[in-house]
Amino acid sequence: MLGGRVALAGARTQTVQPGSWRTSAQTSGQRGYDYRWQKARAAYLRLHPYCVYCMREARIQATGLAEVILECAERALPVPYGNVVDHIVAHRGDQARFWDESNWQTLCQTHHTRDKQRQENAT
Ligand SMILES: [Zn+2]
């Protein structure tokens, strides 16, 4: 008999948090807002293409974009590209904090996921 365990698999369901900032931020300008963020994010990643955590873990000293690539080549390291613009301090819907570039950092997918889990465990 194998049927017993199968029934439990469907019991876990994802719940959407009703208190999320997105629910109150829905406006007619929502689409333009997303577009603005996509553009700002792309521009930021062009200037800051490397994951700050990967850089720290690899102890990369170089700061210039080309210098990082050279240092990685010299030390036979992978270039630590990131593709996520993360808010250092959670914005929680605060527009000023959301758009403050000094509150942004580039992370790779791995570090972004790890960082988020750490923050959620801390609350
Ligand atoms: Zn990383």
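In the predicted model, L107 has 21 C-beta neighbours inside 10 Å and therefore counts as buried. This residue belongs to strand 2, which spans residues 104-107. When residues up to four places away in sequence are set aside, L107 touches C51, V52, Y53, G82, V84, D86, H112 and D115. For one of these partners, D86, the C-alpha atom is separated from that of L107 by 6.6 Å, with the two positions 21 residues apart along the chain.

L107 is also a member of the largest nonpolar core, which consists of six residues: Y50, C51, Y53, C54, V68 and L107. In soluble globular proteins, nonpolar side chains tend to be buried together. Two of the core residues, C51 and Y53, are among the residues that L107 touches.

Another core member, Y50, is in contact with M55, V68, P80, Y81, G82 and T106, neighbours within four places in sequence being left aside. G82 thus appears in the contact list of Y50 and also in that of L107, because residues count as in contact when their C-beta atoms lie within 7 Å.

V68 is located in helix 5. With 21 C-beta neighbours inside 10 Å, V68 is classed as buried. Its contacts, apart from residues up to four places away in sequence, are Y50, I60, A62 and V79. The C-alpha atoms of V68 and M55 lie 9.0 Å apart, and the two residues are 13 positions apart along the chain. Helix 5 itself covers residues 65-74, and one of its ten residues is buried, so the helix lies largely in the open. Just after helix 5, A76 adopts a positive phi of about 55 degrees.

Positive phi values also occur in two arginines. Most residues other than glycine have a negative phi. R59, which is not a glycine, has a positive phi of about 55 degrees. This residue is placed in the loop between helix 4 (52-57) and helix 5, and it counts as exposed because it has 9 C-beta neighbours inside 10 Å. For R92, phi is positive and near 45 degrees. R92 is found in the loop that runs between strand 1 (84-87) and helix 6 (95-98). R92 has 10 C-beta neighbours inside 10 Å and so is likewise counted as exposed.

T110 lies in helix 7, residues 109-122. With 13 other C-beta atoms within 10 Å, T110 is partly exposed. The C-alpha atoms of T110 and the core residue C51 are 9.7 Å apart in space, although 59 residues separate the two in sequence.

Over the whole chain, the secondary structure amounts to seven helices and two strands. The order of these elements from the N terminus is α-α-α-α-α-β-α-β-α. Of the 123 residues in the chain, 9% are buried. Among contacts with a separation of 6 or more, 60% involve residues 24 or more positions apart.

The average pLDDT of the chain is 82, and 71% of the residues score at least 70. Over residues 6-13 the pLDDT falls below 50, and this stretch has zero contacts in the model beyond near neighbours in sequence. Where pLDDT is low, the predicted coordinates should not be read in detail.

Note on methods
Residues numbered from 1 in each chain as written. Predicted model: local features only at pLDDT ≥ 70, side-chain atom pairs only at ≥ 80, totals over all residues. Helix = DSSP H or I, 4+ residues; strand = E, 2+ residues; numbered from the N terminus. Buried ≥ 20, exposed ≤ 12 C-beta atoms within 10 Å, placed from the backbone. Core = buried A, V, L, I, M, F, W, Y, C linked by C-beta atoms within 7 Å. pLDDT = per-residue confidence, 0-100.
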